[in-house]
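This report looks at how a protein and DNA meet in one model. The sequence and the structure come first, and the details follow.

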2 protein chains.
Amino acid sequence: MKAERGATLKALLGLLSLGPMSGYDIRALIQESIGHFWSESYGQIYPGLKRLATAGLVEKKTERQKGRPDRHLYSLTDEGREELWRWLRLPPVDEVPRNELLLKLFFGAQVPASVCREHVAAHLAKHEALLKRYSVVAKALEREHGHDPDLPYWLITLSLGRHTSSAEAKWCKETLKRLEELERKKKGGR
Amino acid sequence: MKAERGATLKALLGLLSLGPMSGYDIRALIQESIGHFWSESYGQIYPGLKRLATAGLVEKKTERQKGRPDRHLYSLTDEGREELWRWLRLPPVDEVPRNELLLKLFFGAQVPASVCREHVAAHLAKHEALLKRYSVVAKALEREHGHDPDLPYWLITLSLGRHTSSAEAKWCKETLKRLEELERKKKGGR
DNA sequence: GGGTGCATGTAATGGGTTACATGATTCT
DNA sequence: AGAATCATGTAACCCATTACATGCACCC
């Protein structure tokens, strides 16, 4: 398993460090825990687990179920945990930026300001919804994982979500004002 | 040219709407104008321009140069501009989140807090550098494009950079404090 | 009877980076 | 002499999503 660029396998190792899980479980867990900053599809998860097993970083146990397909439970091996630790120490590679909203706004002068306004309004709604969700999740975490040593770290990741979403929301509001002004200037003709 | 998911071709159209350019120019322009929220490699740009030309959305003119390879200058056709407009009106598809720093922090309890501290410190430095750059760029834009109708839109994109980078920086500082506290608690023994 | 959830996986396709290949000119 | 800039492009590779394929159980 020569070093990859992507972090999919590391994400799998990390999640398995929280306990044995199936691919299906992992998908669900991703969405409800790290969904606001990470995602994986089945097309990555299942082949990924297989590769990790071949490399000896995880162990597979099959659980029979009646009337349901078997569950393949994967758990970290010692080598797997060490691999995870090694990776955690490496400085994160920073992602290439790709923000389609900003790209459209950059060329915004080509279309009526109302078009941009609508894009920004939708963006605002999205982040306001996120902010609400973050509050709910924070409370749920504190309730359900009161003394878990992981808790402070989970809250740290949530906190960035809050900071950036409220920054985005603030920017949206300012931008909406600016766009309205641009519209007025156009219409009013000087 | 059946509808794509990626926005590479649209980005090319957008940049060409600012004036005729070569692939080389486009690369350079991306880095100095929209580099903080978009990127393209030559491996995308050159084939992309070729496809746009085949589809009749751009026109190619070759400029001879002495001692240098020919420059292939591309410019928008009317259909190209219309295609751009159509795309600008469509709501932006939101990107899948993938933040490796947060992923590492989420599993931070597995390694000494100092490891996370260093990752966060580097992140802070990055955003502080960005903030400086944004100021410089904003001034340069106002100086060089005083009455350009694009200017307000360019400033809007810059403004989001400022908002989010200062939010990230603030979060970094808070997080550094929290991590130091966690370190003290570990060492001091409850 | 039909949707949703459980549960696994593969194949096709798409989108993107990196490395390679070429070669003159100009700056240090 | 050597590095950087100008300038074009292709091929190999990697990473990821989506669609497909399967099938039982449970609820409405």
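## A phosphate contact of chain A

How far does a polar side-chain atom of A:T8 lie from a phosphate oxygen of DNA strand D? The distance is 2.8 Å, within the limit for a polar contact, a pair of N or O atoms within 3.5 Å.

## Basis of the values

This is a predicted model, in which local features need pLDDT of at least 70 and side-chain atom pairs count only at pLDDT 80 or more, while totals for chains, interfaces and linings use all residues. Residues are numbered from 1 along each chain as its sequence is written, chains are lettered from A and ligands numbered from 1 in the order in which they are written, and side-chain values use heavy atoms, with hydrogens and water left out.

## DNA strand D

DNA strand D is surrounded by 22 residues, the closest being A:R5, A:T8, B:Y24, B:K50 and B:R98, where a residue is near a strand if one of its heavy atoms lies within 4 Å of it. Of the strand D atoms within 4 Å of the protein, 72% belong to sugar or phosphate and the rest to bases.

Phosphate oxygens of strand D also lie 2.9 Å from a side-chain N or O atom of A:S41 and 2.8 Å from a polar side-chain atom of B:K50.

## DNA strand C

Around DNA strand C there are 23 residues, with A:Y24, A:K50, A:R98, B:R5 and B:S41 the closest; sugar and phosphate make up 71% of the strand C atoms that come within 4 Å of the protein.

A polar side-chain atom of A:R98 lies 2.7 Å from a phosphate oxygen of strand C, and for a side-chain N or O atom of B:Q44 the corresponding distance is 3.2 Å.

Conventions. A polar contact is a pair of N or O atoms within 3.5 Å; within protein, one must be able to donate a hydrogen and the other to accept it, and residues adjacent in sequence count only if both atoms are side-chain atoms.
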